[in-house]
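Colleague: Could you take me through this model step by step, with the terms explained as they come up?

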Amino acid sequence: LDRATGSEIHITRFKDSAIVLRRSRSSGSFDGQAFTEDHRCSAVWLRQRGEWRLAWEHSSAIEP
């Protein structure tokens with residue numbers, strides 16, 4: 001990755017869990033091929049023994 005940014009971040013927190021929605025934009029190269037990506041991402045975080053842990057994450061490409 002040459003560049004990666006997160007924006008439009010929305011967090012809904014519950015007692016021992018949280019849902020995080022965000023937009024992720026990145027660019028770089030892979031195997032000699034340049035790429036630019038724009039995604040909507042969602043994640044579920046759980047608090048276990050006082051520490052936050054990522055339980056699930058998903059992203060879907062935003063078509064231009």
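Modeller: Strands here are DSSP runs of E with at least two residues, and helices are runs of H or I with at least four residues, both numbered from the N terminus; two strands pair if DSSP finds at least two bridges between them. This is a predicted model, in which local features need pLDDT of at least 70 and side-chain atom pairs count only at pLDDT 80 or more, while totals for chains, interfaces and linings use all residues. Residues are numbered from 1 along each chain as its sequence is written, and side-chain values use heavy atoms, with hydrogens and water left out.

Colleague: Which residue in the turn between β3 and β4 has a positive phi?

Modeller: β3 and β4 pair in the antiparallel sense over 10 bridges, and within that pairing R47 stands opposite W52 in β4. The two strands form a hairpin with 2 residues between them, and the residue in the turn with a positive phi, of about 50°, is R49.

Colleague: What is the order of the strands in the open sheet?

Modeller: The protein chain has 0 helices and 4 strands. β1 (3-13) and β4 (51-61) are the edge strands, each pairing on one side only, while β2 (residues 17-30) and β3 (residues 33-48) run antiparallel and are joined by 14 bridges. With antiparallel pairing, the order of the open sheet is β1-β2-β3-β4.

Colleague: Is S27 buried or exposed?

Modeller: S27 is found in strand β2, and, leaving aside its neighbours within four places in sequence, S27 is in contact with L1, D2, R3, F35 and T36, where contact means heavy atoms within 4.5 Å. Buried means under 20% relative accessible area, exposed over 50%, and partly exposed in between, with a 1.4 Å probe and protein chains only. Because its relative accessibility is 16%, S27 counts as buried.

Colleague: Why does the protein chain count as more spread out than a compact globule?

Modeller: Along its principal axes the C-alpha trace of the protein chain spans about 45 × 25 × 15 Å. The radius of gyration is taken over C-alpha atoms, and the globule rule is 2.2 Å times the number of residues to the power 0.38. For 64 residues that rule gives 11 Å, and the protein chain is more spread out than a compact globule because its radius of gyration is well over this, at 14 Å.

Colleague: What share of the 64 residues of the protein chain counts as buried?

Modeller: By the accessibility cut-off already used for S27, which is under 20%, the share of the 64 residues that counts as buried is 19%.
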